[in-house]
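User: I am new to this structure. Please take a close look at the pairing of charged side chains, and carry on from there to the parts around it.

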Amino acid sequence: MGTLPKVSVITTTYNDASNLERIMDQVYRQDYENLEYIIVDGGSTDGTMELIRRMEKRMPGRFRYLSEPDRGIYDAINKGIALSTGDIIGCCFDRYADEGVIRRMVQAMETECTDGVHGDLYYMDGERIVRRWHQGQGTIRTGWLPGHPTMYLRREVYETYGVYRTDYRIAADYEFMVRILYRKQVTLSYLPEILIYMSYGGTSTSSLGSYLQSLKEGHRALKENGVPFAWFTDLCRTVRVLLQFVKK
């Protein structure tokens with residue numbers, strides 16, 4: 001068996017040292033050996049750099065970082081992609097289900113010869129499951145969408161289709177996925193298991209206003225990528241999201 005592909009994992013952060021320490025430990029404990037870890041910091045002043053220097057010692061030769069002001073999370077992710085040297089690129093913003101997640105993701109991509117991989121996702125409020133992202137395979141047209149934190153892609157995808165658009169404030173990840181998946185240019189393996197536990201209340205879900213802004217930007221993404229009858233996809237997507245929430 002040849003050398004396993006290198007995986008670059010990107011974490012973006014800004015003045016969030018307590019969460020960053022937990023995330024860094026999650027990446028460090030992954031059992032996939034050919035792994036590169038990249039942290040893009042927006043110029044924190046809360047002790048983040050001390051944590052970053054500590055991680056540099058824990059992962060010698062496998063760790064890279066950048067600390068400077070940025071124009072938001074998508075600009076920071078783009079900087080991480082530019083800094084990366086891996087064959088496969090993904091992000092970690094929270095908690096892997098276990099130490100073997102990346103290994104299984106790479107195995108699926110290599111076995112099925114696909115451009116990327118995705119799986120299931122739980123949104124958490126502490127230890128309580130708030131929302132179950134379990135969509136399997138489908139089409140953008142009918143509101144289907146991979147869980148972005150679970151989606152790892154080969155470098156060639158970014159080289160061919162570009163990175164995240166920074167003129168989208170909340171839904172640049174949605175625009176990117178529509179761009180690469182609507183016409184089925186990019187193939188994804190699907191792992192039918194929970195890969196990521198994500199804290200609920202991110203950029204697009206922190207308030208009703210944020211969610212409505214996300215829907216507005218999502219509609220724009222569909223129109224700009226030539227998806228006909230975008231309102232139909234908006235409706236399907238909204239229904240899918242509502243069905244994900246867990247009754248108390």
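## Charged pairs and their surroundings

Analyst: Arginine 54 counts as partly exposed, with a relative accessibility of 46%. The model it belongs to is predicted. The side chain of arginine 54 forms a salt bridge with that of glutamate 21, at 3.2 Å from N to O. Arginine 54 is part of helix α2 (residues 48-58) and glutamate 21 is part of helix α1 (residues 17-28), so this pair ties together parts that lie 33 residues apart in sequence. Glutamate 21 is partly exposed as well, its relative accessible area being 39%. In general, side chains of opposite charge can pair when their charged atoms come close.

How many salt bridges does a search of the whole structure find? The search gives 18. One of them joins aspartate 98 and arginine 104, whose closest N and O atoms are 3.0 Å apart. Aspartate 98 has a relative accessible area of 29%, which makes it partly exposed.

A further salt bridge links glutamate 224 to arginine 220, with 3.1 Å between the closest N and O atoms. These two residues are four places apart in helix α7 (residues 208-224), so about one helical turn separates them. Glutamate 224 is partly exposed at a relative accessible area of 42%, and arginine 220 is partly exposed at 29% relative accessibility. The pair also belongs to a network of salt bridges that links Arg165, Asp167, Glu175, Arg179, Arg220 and Glu224.

Two members of that network, Glu175 and Arg179, lead into helix α6, where they are among the buried residues. The others buried in α6 are Ala172, Asp173, Tyr174, Phe176, Met177, Val178, Ile180 and Leu181. Because 10 of the 10 residues of α6 are buried, the helix is largely enclosed by the rest of the structure.

The largest nonpolar core has 68 residues, among which Val9, Tyr37, Tyr96, Leu153 and Phe176 touch the most other members. Helix α6 (residues 172-181) supplies seven residues to this core, the largest share. Which residues does phenylalanine 176 touch, not counting those up to four places away in sequence? They are Met151, Leu153, Val157, Tyr158, Gly162, Val163 and Tyr164.

Glutamate 175 leads on to another residue, asparagine 225. The side chains of glutamate 175 and asparagine 225 are joined by a polar contact of 3.2 Å. Asparagine 225 sits in the loop between α7 and α8. Is asparagine 225 buried or exposed? At 12% relative accessibility, asparagine 225 counts as buried. With its neighbours within four places in sequence left aside, asparagine 225 is in contact with Glu175, Val178, Arg179, Tyr182 and Arg183.

Beyond this loop comes helix α8 (residues 230-244), which has 15 residues. From first C-alpha to last, α8 reaches 21 Å, close to the 21 Å expected at 1.5 Å a residue. Buried in α8 are Ala230, Thr233, Asp234, Cys236, Arg237, Val241 and Gln244.

Two loop residues stand out by their backbone angles. As a general matter, most residues other than glycine have a negative phi. Lysine 184, in the loop between α6 and β9 (188-199), has a positive phi near 60°. Lysine 184 is exposed, with a relative accessible area of 62%. Asparagine 15, in the loop between β1 (7-13) and α1, also has a positive phi, near 50°. Its relative accessibility is 32%, and asparagine 15 counts as partly exposed.

A last point concerns the cysteines. How many disulfides does the structure hold? The number is zero. For cysteine 91, the closest cysteine sulfur is that of cysteine 92, and at 8.8 Å it is too far for a bond. Cysteine 91 counts as buried at 11% relative accessibility, whereas cysteine 113 is exposed at a relative accessible area of 64%.

Key
Residues numbered from 1 in each chain as written. Predicted model: local features only at pLDDT ≥ 70, side-chain atom pairs only at ≥ 80, totals over all residues. Heavy atoms only, no water. Core = buried A, V, L, I, M, F, W, Y, C linked by side-chain atoms within 4.5 Å. Buried < 20%, exposed > 50% of the residue type's maximum accessible area, 1.4 Å probe, protein only. Contact = heavy atoms within 4.5 Å. Salt bridge = Lys/Arg side-chain N within 4 Å of Asp/Glu carboxyl O. Expected span 1.5 Å × (residues − 1). Disulfide = S-S within 2.5 Å. Polar contact = N/O pair within 3.5 Å; in protein donor to acceptor, adjacent residues only side chain to side chain.
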